[in-house]
Amino acid sequence: MSKRRVAIPFALGLLTAGNVSAQDLAPSPGQAGATAEVERVIVTGSNIPTAEEVGPTPVDTYRSEDIQKLGAYNATDLVTKLPQEMGSTVNQNIANGGDGSVIPNLRGLLPKETLVLIDGKRAAIIGGGGGAGPGTAGVDINLIPFPMIDHIDILKDGASALYGSDAVAGVINIFLRHRFRGLEIGGSIGNTNLGASNDAREAEAWLIAGTGDDKTDILIIADAYDRQAIYSADRNITSNAQAIPFGNGDSRSTNKPGQVDTNVGVFILNPNIAVPTPHSAPNAQTSHQYIKRPFDGHNGPFFNSDFFAYNFAALTPSIPAADRQSFYGSVTRDICDKYLTVFADFKYTRSFFDAAFAATPFAPDAFKQSNGTEFSPVGISVPIQNPFNPFTVGDATLIQDGVAIPMTTGVRFRAINDQPVRTSKTTFQDTLFDAGLRGQLGEFGDYFKNWDWELGFRYSRNFEQNVTGGVVSRSGLREALLDTDPATAFNPFLGFLGRNTEAAISRVYVTLHTDGEFELPLGYFHLDGELFNLPAGPVSFAAGIEYHGERWRNTPDSENTSFDTIGSTDFEASRVNRDVWTTYQEVRIPVTSPAWKLPGAYSLEFDIAEREEWYSQNTSATTVLKAQHSQFDAQKPKFSIRWQPLDPGWIGALTLRGSYSEGFHAPTLPDLTPAGTEAFLAFPDDLRDPKGLTPNGTGVPVITDGNPLLKPEVAYEWSYGAVYTAKWLKGLTLSADFWHIDLRSLASFVGPQFILDFEKSFPGLVHRDPTTGAITEIINSDLNLTRAIVEGIDYEGIYILDSSIFNRGDFGRFTFTLNGTYLSRFEFQPTPVSKRIGLSGEFVSGFSFTGSLPHTRAFVSAFYDGPANTWLAGLDVGATVHYTGQYQDDNIDLVAFGFKPRKVREWTTLDLIASYKFSLPSPAAAEVPGLAKDGGKNVKMPDGKEKNILPVSTAEYNPCGWRAWLNGTTLTLGMQNVFDSDPPFVAGAFENNYDESIADVRGRFWYLQLKKRF
């Protein structure tokens, strides 16, 4: 957006100013101590330019050095370490259910409630529409490497009146670099090999090159990143799905080789037998090759072996391997001074995420009854005619095409040797292009001297492709089980060491190719300036119009669209389009002026903003629903106040601030699609029936679908707080802000278990057998749920101790920082007739809001910067402590499954960092005697005598010597999680026994970074 400079006294803003970035030009010595020029810019939280250090809404600014001091080595570190992050955050810690994207989630609401901007404008969400569901759809910040970032603003307040839909929980605004002089080459490498996670290397390299003059800025950046995997077996907490020692149940799988479930118990193949003899006994009960599964206690060797239940964590990665390559270019040119400037940016990023899941469990059954339900309620059914069936008498008869086929039901199998893991390889290709004009209107007269405008266009595209291997084709499995030829038939009775023939494997296993694309074209015109003067100062305004389109499609593999897979989520193709037209206005009104020195009203100003949006969207037809069209509009205001009651010269600068806003969130395009997905969940491994009518081992289909008739969400939000910069203790600034979000008509799924727990509140979504009452199907539709209320307090403190104040010389500067959030309330009411459910201070699973919602998250840091004009001037060393407080585990489910309620312990980690920048003085001219052509010269001396003087050479030391290479070099050494602490155990976690959204299992991680500035 447009910028301008005004001459005002410069003051250090401790909470929002941040440090000067590396690309800023240093002032000349003659400027030191003089009145400085502070740039009036549009900052996150307003469309009106300002030079105020503290605004009416709370904004945290993280520059490159602040991100580094936070202990963030990559985007996943950033979202797990920010105190405001909680709940179901999506990041690269998540292997099963993750796609490699990193999507923030402020306040513990769904990630889609957090708006991510790039240079103040919208960008495309991930092409797949959300790996864990529409609620997780958002902009992938992993696609923006840190070397490209100038700074990140985090607006901790609602902002729909400023930025439109999505800005309910807050805004993360990522500003890219646009100005740089010179060349920087850098690289970093890190590893976990000094801790318990074995060898998992991370490496990054980048190049930044920029040139220009007072009218032109040209910048290019290239970056490459690579990370090796950490496996679940590497850490004790993730190494075994048998979590009884930690206080949870046994999450290992009973879908394993060599097991048959019968009506008289569970039988397993004798561990000493690799392959049973075909057709050797009537059934498992009478076979000498099968034994009833013994139980030797939870500490027994057999119970803890794979023969009892399969530990899939032995082979899967807990943090998958990943890599990324990025290129970015930016050009800005002043054509007519500042009256007309042309700009253009281009960014392309490719990222790859190499995840793997447990080998495919053979459930649900490939054969179905005439009513469409699975023939075998557990495992699969195998015809007696199969050449590998060890039994001769079927326990059920399948009628297929009028032919009676005797079957053995309850056969458990997992392809641990055919396909040891299911591979899931996800590639993102992300493109961003900006172009536009901006300028000032001062040439039209003095009235317009502070008016700025900008006209621009953006095209943003995210393409996501997933290739999943090791999945089972139902039709292929049916054919291979019915086959009577041992050379090509499939054998599901193999033991742990058995493997099928290549011919059988090629018939049964398939590789799926799925892709999705999200495109966002955007055009806008922005105008801001000063309308007229009041006694307290000018009335400023901003206004603009905007259009953006959203185009989303999701194209699954034909195996998925025919609902023919086992081990994958089947779903239909989607295509949804949307057009959005927008107008916005904002006015800032000064009421009192600091020049008046009015007691109780030293400075007072109001800010009023409003945004109007018109939506039109279309959804494609599905097999059960025709194409749909819907329209809606919104008009949402925001009012904020900034008040300094007292002259800062008295006790320091005290700023009181507050805001009220109404939020608006249109359903995301993945929310609107009527295309359904089908997954199978088992009792009691995945679900429990509150009525107790569904037998254990039963697998039921769960149909999840969007809803093209969803209504927009609305929110009512307010915040108020204070910022105090002390006069009595120079360098101290404290702030606290209370915030409240009342989100209504929220569009979300509630989850199959929640539907079962509150079945009467969701009529028609649970289908039961009319005779037995057993659950046969669950419909999990995207609904407008009633309400969620979230509130808490953000608190910050920073103290900068400059040692020179003691008049004992300059020994450097110490900076102490505290940043935290206290979540005091999180209530959820799914339906108008249901009671509110308190979620704060708990781990939540099974419905809309999931993940950890601890009351307290914070970090505290202490850093030392060396004194200027000494060899210590480039030294920056310090430590950061991250803290997440205790909270309740998923105790509802724990108690339901017969376990005691428990707490998740607090987690405290220590990060250390030391950095040194070499800034050597330029070598002075050396006076080296030399010979002149005419020899010496007679020079008259002050005493009147002449003296023969040899000429003085101006030769310098070698400009390419070691000093030149060392100068401008920065060396950084850091270590995360110094004490190698495991994350706290969470019984309700989906995988790996801990919450991957706010913690990681890497343990002690060291890294070394080297960059050279030319």
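Student: Which residues are linked with Asp77 in a network of salt bridges?

Tutor: Keep in mind that this is a predicted model. In it, a network of salt bridges takes in Asp77 and three partners. Those partners are Glu202, Asp1000 and Arg1002.

Student: OK, and how many salt bridges does the structure hold?

Tutor: A pair counts when a side-chain nitrogen of Lys or Arg sits within 4 Å of a carboxyl oxygen of Asp or Glu. Going by that cut-off, the number of salt bridges in the structure is 51.

Student: Let's pick one. How many residues apart in sequence are the parts that Asp911 and Lys81 tie together?

Tutor: The side chains of these two meet in a salt bridge, 3.1 Å from N to O. Asp911 belongs to strand 45 (residues 907-917) and Lys81 to helix 2 (residues 75-81), so the pair ties together parts whose separation in sequence, in residues, is 830.

Student: Is Lys81 buried or exposed?

Tutor: The cut-off for buried is under 20% relative accessible area. Asp911 has 5%, so Asp911 is buried. Lys81 has 12%, so the word for Lys81 is also buried.

Student: What about Asp354 and Lys425: which strand holds Lys425?

Tutor: Asp354 and Lys425 join their side chains in a salt bridge of 2.8 Å, N to O. This pair links distant parts of the chain, 71 residues apart. Asp354 is in strand 16 (residues 341-358), and Lys425 is in strand 20.

Student: What is the relative accessible area of Lys425?

Tutor: Partly exposed residues fall between the 20% and 50% cut-offs. Asp354 fits there with 27%. Lys425 is partly exposed too, and its value is 31%.

Student: Which residue forms a salt bridge with Arg551, and where is that residue?

Tutor: The closest N and O atoms of this salt bridge are 2.9 Å apart, and the partner is Asp579. The two are 28 residues apart, with Arg551 in strand 23 (residues 537-555). Arg551 is partly exposed at 25% relative accessible area, and Asp579 is partly exposed at 26%. So where is the partner? Asp579 lies in strand 26 (residues 574-592).

Student: Now the surface: what is the area of the nonpolar patch that includes Ile185?

Tutor: Ile185 shares this patch with others, among them Leu207, Phe433 and Trp965. Patch residues need over 30% relative accessible area, and Ile185, partly exposed, has 42%. Ile185 itself is found in strand 7 (residues 182-191). The area of the patch is about 820 Å².

Key
Residues are numbered from 1 along each chain as its sequence is written. This is a predicted model: local features need pLDDT of at least 70, side-chain atom pairs count only at pLDDT 80 or more; totals for chains, interfaces and linings use all residues. Side-chain values use heavy atoms; hydrogens and water are left out. Patches are made of residues with over 30% relative accessible area and no salt bridge: like charges are joined within 9 Å, nonpolar side chains (Val, Leu, Ile, Met, Phe, Trp, Tyr) within 5 Å. Accessible areas come from the Shrake-Rupley method with a 1.4 Å probe; for residues, only the protein chains shown count as cover. Helices (H or I, at least four residues) and strands (E, at least two) are DSSP runs, numbered from the N terminus. Buried means under 20% relative accessible area, exposed over 50%, partly exposed in between (1.4 Å probe, protein chains only).
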